[in-house]
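Biologist: Could you walk me through how this protein packs its inside? I'd love to go through it in questions and answers.

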Amino acid sequence: ALELSHRGYAIELVTFGSPRVGNKAFVEWYQTACPLRSLARFVHAGDPVTMLPPHVNMDLKHSYCHVCAPVLVEVAKEADQRIKFTEQHKMSNYRLALLQAVEGPHTTLAGSKI
């Protein structure tokens, strides 16, 4: 996204389950250097990838950070009980959580047109 925006493209960036990408200085630089028209970062509740690399301590100057605040999504509780911790990062869980946010908590991917 950064390279394309420097080439003059108007970028809209949406990520799903992204890890931390740089330290605080990188995030500040990125936010000023990359004039994104739109930036959204979706995080499925419990997705372990979004917590990587882990904070070694609370010193954000030297720890990895995200470039923007998350939009939290979560599969409805009834369905969530079937999702193992190791499967929280699957794109199908993001699709289901977004679909349920629009169509209701009892919606499944089996009955979906997406």
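Modeller: Gladly! Let's begin with a term: a residue is buried when its relative accessible area is under 20%, and exposed when that area is over 50%, with partly exposed in between. Please keep in mind that this is a predicted model.

Biologist: Is tyrosine 30 buried or exposed?

Modeller: The cut-off for buried is under 20%. Tyrosine 30 has a relative accessibility of 9%, so this residue counts as buried.

Biologist: Which residues of helix H2 are buried, and why do they lie on the same side?

Modeller: Helix H2 spans residues 24-33, and its buried residues are Val27, Tyr30 and Ala33. They lie on the same side of H2 because they cover an arc of only 145 degrees around the axis.

Biologist: How are the rings of phenylalanine 26 and tyrosine 30 arranged?

Modeller: Both residues lie in helix H2, four residues apart, which is about one turn of the helix. Their ring centres are 5.8 Å apart and the planes are at 35 degrees. Planes under 30 degrees apart would count as stacked and over 60 as edge-to-face, so this pair is tilted.

Biologist: Now the largest nonpolar core: which helix gives the most to it?

Modeller: That core has eight residues, including Phe42, Val75 and Leu96. Strand S2 and helix H4 each supply at least two of its residues. With three residues, the top contributor is H4.

Biologist: And what is the geometry of the phenylalanine 16 and tyrosine 94 pair?

Modeller: Phenylalanine 16 lies in strand S1 and tyrosine 94 in helix H4, so the pair ties together parts 78 residues apart in sequence. The ring centres are 5.9 Å apart with planes at 80 degrees, so the pair is edge-to-face.

Terms used: Residues numbered from 1 in each chain as written. Predicted model: local features only at pLDDT ≥ 70, side-chain atom pairs only at ≥ 80, totals over all residues. Heavy atoms only, no water. Core = buried A, V, L, I, M, F, W, Y, C linked by side-chain atoms within 4.5 Å. Buried < 20%, exposed > 50% of the residue type's maximum accessible area, 1.4 Å probe, protein only. Arc of directions from axis to C-beta. Phe/Tyr/Trp six-rings, centres within 6.5 Å; stacked < 30°, edge-to-face > 60°.
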